[in-house]
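Here are my notes on this one, written as numbered points. Have the model open while you go through them.

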Amino acid sequence: MKRRTFIQTSIAAAAASAVFKPFYIKAQGKKYVFGFSQCTITEPWRVQFNKAMKKEADKYPEVELIITDGQDKTEKQVADTESLIRQGVDVLLISPKESAGLTGVVLEAIDKKIPVIVLDRNVNTDKYNCFIGGDNVLIGQTAGAYAVKLLGGEGAAKGNIVELWGGMGTAPAQDRHKGFNEPVSKESGIKSLLQPIDCDWKQAKGYDTMTTALKQFDKIDLVYGHNDPIAYGAYLAAKDAGREKDIKFLGIDALPDEGVTWVSKGQLTATFVYATPGVEGVKQALKIVKGEPVEKKITLPTMAVDKSNCEQILKDNGLA
Ligand code: FRU
């Protein structure tokens, strides 16, 4: 090859590799750092979320995953996220405590050209690269249709419902409320008893709010908890009041060792799967660092879990 042609070919090859392989070059020397800002680890669903995510990240020797714990406080999670930004992570993943308070720091990362993947609870901007989570309106609608059926079926349903809210400043709680009330509000025989009270996704708050509701209302037919811990807390309150047999309890999440087990014991009537999004988060982060396109929104599937399928799920998870 003539010297000139050789030089030209080399320049073309270098240009091509600059376009297609910039991340390869980094991978040989250093790891890709994925920083994940988790809002809390006080809830079992979050613990499972982190565990599955770490397991997925461990499959890729070129990936280092840093997980922070916001300790269920917006200010702590903002500080964690700022620290991940300062460390110059290659991708920022975040599952916000609440939408409004974490939007600023997400925008800060985007401003600094750090790719952002938002998981489970959304923020008030769509400038991120990718959102991964369940369809909470659909989950709410499915739970609402299930409640209507339990209370007598479309057009004939009758009963008093207590809805126990997750964190009101979060998109999942708003969407679970909205979806549920679509089928339920069509039924003139169904009455919603409580004004919205924030149970912040916590079993203890579900217990306390239900204890008050039980004192206030003689007839409660169904409780809709925005997650399984709240629904289970409400069940325990009803049990302590000797009224658990009169009431049906619906929750959301369906962790095998929580919601599914409570369904199997007859404590909850049904729960609806809300898959943890960490594994998908790692997969999409890898695509981003490799320069591959990612979808803006990835919706994880749901399904109802009740007496008909709970035993199988427990078996599949080595719990029966
Ligand atoms: C865990 C959790 C889940 C719930 C989700 C909603 O922190 O409360 O129980 O489904 O968050 O974002």
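1. Start just past helix α11, at G291: this glycine has a positive phi of about 80°. Helices (H or I, at least four residues) and strands (E, at least two) are DSSP runs here, numbered from the N terminus. Before going on, keep in mind that this is a predicted model, where local features need pLDDT of at least 70 and side-chain atom pairs count only at pLDDT 80 or more, while totals for chains, interfaces and linings use all residues. Residues are numbered from 1 along each chain as its sequence is written, and side-chain values use heavy atoms, leaving out hydrogens and water.

2. Now α11 itself, residues 278–289. The expected span of a helix is 1.5 Å times one less than its number of residues, so the 12 residues of α11 should cover 16 Å, and the 17 Å between its end C-alpha atoms agrees with that. Its buried residues include G278, V282, L286 and V289. Buried means under 20% relative accessible area, exposed over 50%, and partly exposed in between, using a 1.4 Å probe and protein chains only.

3. Strand β9 (residues 248–253) is mostly covered, with five of its six residues buried. Who are its partners? Two strands pair if DSSP finds at least two bridges between them. Strand β8 (residues 222–225) runs parallel to β9 and is joined to it by three bridges, with Y224 opposite L250. Strand β10 (residues 270–273) is also parallel to β9, through four bridges, and there G251 faces T271.

4. Look at how these strands are linked. β8, helix α9 (residues 228–240) and β9 form a right-handed β-α-β unit; β9, helix α10 (residues 256–264) and β10 form a right-handed one too. Right-handed means that, with the strands pointing away from you, the path from the first strand over the helix to the second runs clockwise.

5. How many disulfides does a search of the whole structure find? Zero. A disulfide is a pair of cysteine sulfur atoms within 2.5 Å. Take C39: its closest cysteine sulfur, in C199, is 17 Å away, which is too far for a bond. C39 counts as buried because its relative accessibility is 0%, and C310 is buried at 0% as well.

6. Last, the ligand. Among the residues around it (a heavy atom within 4 Å) are W45, D120, W201, D253 and Y274. For polar contacts (pairs of N or O atoms within 3.5 Å), check the side chain of E43, with an N or O atom 2.7 Å from a ligand oxygen. Polar side-chain atoms of R46 and R121 lie 2.6 Å and 2.7 Å from a ligand oxygen, respectively.

Notes: Polar contact = N/O pair within 3.5 Å; in protein donor to acceptor, adjacent residues only side chain to side chain.
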